[in-house]
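Student: Got a minute to go through this model with me? I'd like the layout before anything else.

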Amino acid sequence: MCRRGADHGRGKTRAALAASLDLPRRDTVTYLAGAGVLAQAWGPLGIGHQVPGSAAVTGIARAHAVTPAQVVLRWAVQQGIAVIPRSAHPERQRANLQIFGFSLSDPEMAALAGLDLGEDAAVDSDARVEF
């Protein structure tokens, strides 16, 4: 489910795991935080699902004048989850860094929580062939 990392010079052990709005891994993230381990999400924009295009995400993005991807990344960071968004496009890479000029309200966070597909949406990384 996650790979335990070493201390990266900041006194915090990191655990990389698939985590996104549709697969938030709340129990795992809570457990890791209690153990002093930083959850680091790969695939924070969703893997195989269209989370950034959902009505909840696009509505919140419009309200804050940001992109849907920025909403999703802000959601994770606001919960203390480090994110590793993937993009080959320089303009998207720059946009991915601009998530600290706004915050999500409690009602917005609750609306985004409704996108959770549950653990059944998880893909076993040992069974998935990516190349």
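Tutor: From the N terminus on, the elements run β-β-α-β-α-α-β-α-α. That comes to five helices and four strands. Helices (H or I, at least four residues) and strands (E, at least two) are DSSP runs, numbered from the N terminus. This is a predicted model: local features need pLDDT of at least 70, side-chain atom pairs count only at pLDDT 80 or more, and totals for chains, interfaces and linings use all residues. Residues are numbered from 1 along each chain as its sequence is written, and side-chain values use heavy atoms, with hydrogens and water left out.

Student: What is the mean pLDDT of the protein?

Tutor: The mean is 78, and 76% of residues reach 70 or more. pLDDT is the predictor's confidence in each residue, from 0 to 100.

Student: Which element has the lowest mean, and which the highest?

Tutor: Strand 1 (residues 3–4) has the lowest, 39, and helix 2 the highest, 92. Over residues 1–9 the pLDDT is below 50. Beyond near neighbours in sequence, that stretch still has 21 contacts in the model. Contact means heavy atoms within 4.5 Å.

Student: Now the interior. How many residues are in the largest nonpolar core?

Tutor: It has 22 residues. Val71, Trp75, Leu104 and Leu112 have the most contacts inside it. Strand 2 (13–18), helix 1 (26–34), strand 3 (37–42), helix 2, helix 3 and helix 5 each give two or more residues. Helix 3 supplies the largest share, four residues. By nonpolar core I mean a set of buried Ala, Val, Leu, Ile, Met, Phe, Trp, Tyr and Cys residues joined through side-chain atoms within 4.5 Å.

Student: And what does buried mean here?

Tutor: Under 20% relative accessible area; exposed is over 50%, and partly exposed is in between (1.4 Å probe, protein chains only). Of the 131 residues, 34% count as buried.

Student: Back to helix 3. How many of its residues are buried?

Tutor: Eight of 11, over residues 68–78. They are Ala69, Gln70, Val71, Val72, Leu73, Arg74, Trp75 and Ala76.

Student: What covers them?

Tutor: The cover includes helix 2 (55–64), strand 4 (82–84), helix 4 (90–97) and helix 5 (106–113).

Student: What does Trp75 touch, leaving out residues up to four places away in sequence?

Tutor: Ser20, Leu21, Pro24, Leu104, Met109 and Leu112.

Student: Let's try helix 4. Is Asn96 buried or exposed?

Tutor: Asn96 is in helix 4. It counts as buried because its relative accessibility is 12%. Its contacts, leaving aside neighbours within four places, are Ala69, Leu73, Pro85 and Ser87.

Student: And Ile84, where does that lie?

Tutor: In strand 4. Ile84 is partly exposed, since its relative accessibility is 42%. Not counting residues up to four places away, it touches Gln40, Ala41, Trp42, Gly43 and Pro44. The C-alpha atoms of Ile84 and Gly43 are separated by 6.9 Å, though the two are 41 residues apart along the chain.

Student: Last topic, backbone angles. Which residue just after helix 3 takes a positive phi?

Tutor: Gly80, at about 85°. Ala65 also has a positive phi, near 55°, and is a residue other than glycine. Most residues other than glycine have a negative phi.

Student: Where is Ala65 found?

Tutor: In the loop between helix 2 and helix 3. Ala65 is exposed, as its relative accessible area is 70%.
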